Amino acid sequence: MPTPAIQFPPELLLKAQDVRVVFFDVDGVLTDGGLYFSEEGETLKRFSTLDGHGLKLLQKAGITPVVITGRDSLPLRVRLQALGITHAVFGTEDKRPAAERVLAELGLDWSRAAAIGDDWPDLPVMRRCAFACAPANAQAEVLAAAHYVTQRTGGHGAARELCDLLLVAGGHYATLLHEYLA
């Protein structure tokens, strides 16, 4: 089996090893946070394929990705459907009750949850989770609340970096990598 090139500090891996559900914000995490508008006024979003593949790898490892976002848009729904993400809450600024409903539905509690967010609306979820993460370009209070700050920015691989960390922590990374190299 190949030795992975990626490494994380052991204390982070211990903190993240029991995670079974991950809450993802969208704008500023799965996208770069910018809002693009077409001439017709349609909102356009840019998503990273690295992040998308990371979300698919989480699912293969039995870790459930959940999107909780303050916005709702057709491009987001199309992207989540393409990734096979079935747990999503759209158009809510009050993210903690939404996360609690998903946890109850999955039969999990906060000790099995991780979250990645970039701004104040994400803090109530991040502060309850066993493992909190923020993209490098997150707001200061969010950076301070994170157990791990990614090297990459939102929309440019930050979510994938968290996915990789969780896959390593759960002992899935090397196995999944081996499947691609076989």
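This is a short talk on the cysteines and on helix H2 of one predicted model.

Some ground rules. Residues are numbered from 1 along each chain as its sequence is written, and side-chain values use heavy atoms, with hydrogens and water left out. As the model is predicted, local features need pLDDT of at least 70 and side-chain atom pairs count only at pLDDT 80 or more, while totals for chains, interfaces and linings use all residues.

Cysteines, then. A disulfide here is a pair of cysteine sulfur atoms within 2.5 Å, and the count by that rule is zero. Why is Cys 129 without a bond? The closest cysteine sulfur, in Cys 133, is 11 Å from its own, which is too far. Cys 163 is in no disulfide either; there the nearest sulfur, again that of Cys 133, is 9.4 Å away. Cys 129 is buried at a relative accessible area of 6%, and Cys 163 is buried at 0%. Buried means under 20% relative accessible area, exposed over 50%, and partly exposed in between, with a 1.4 Å probe and protein chains only.

Now helix H2, residues 49-60. Helices are DSSP runs of H or I with at least four residues, strands are runs of E with at least two, and both are numbered from the N terminus. How far apart are the end C-alpha atoms of H2? They are 17 Å apart, which agrees with the 16 Å expected for twelve residues; the expected span is 1.5 Å times one less than the number of residues.

Among the buried residues of H2 are Asp 51, Gly 54 and Leu 58. At the N-terminal end, Ser 48 caps the helix, with a side-chain oxygen 3.1 Å from the backbone nitrogen of Leu 50. Just after H2, Gly 62 has a positive phi of about 85°.

Note on methods. Polar contact = N/O pair within 3.5 Å; in protein donor to acceptor, adjacent residues only side chain to side chain.
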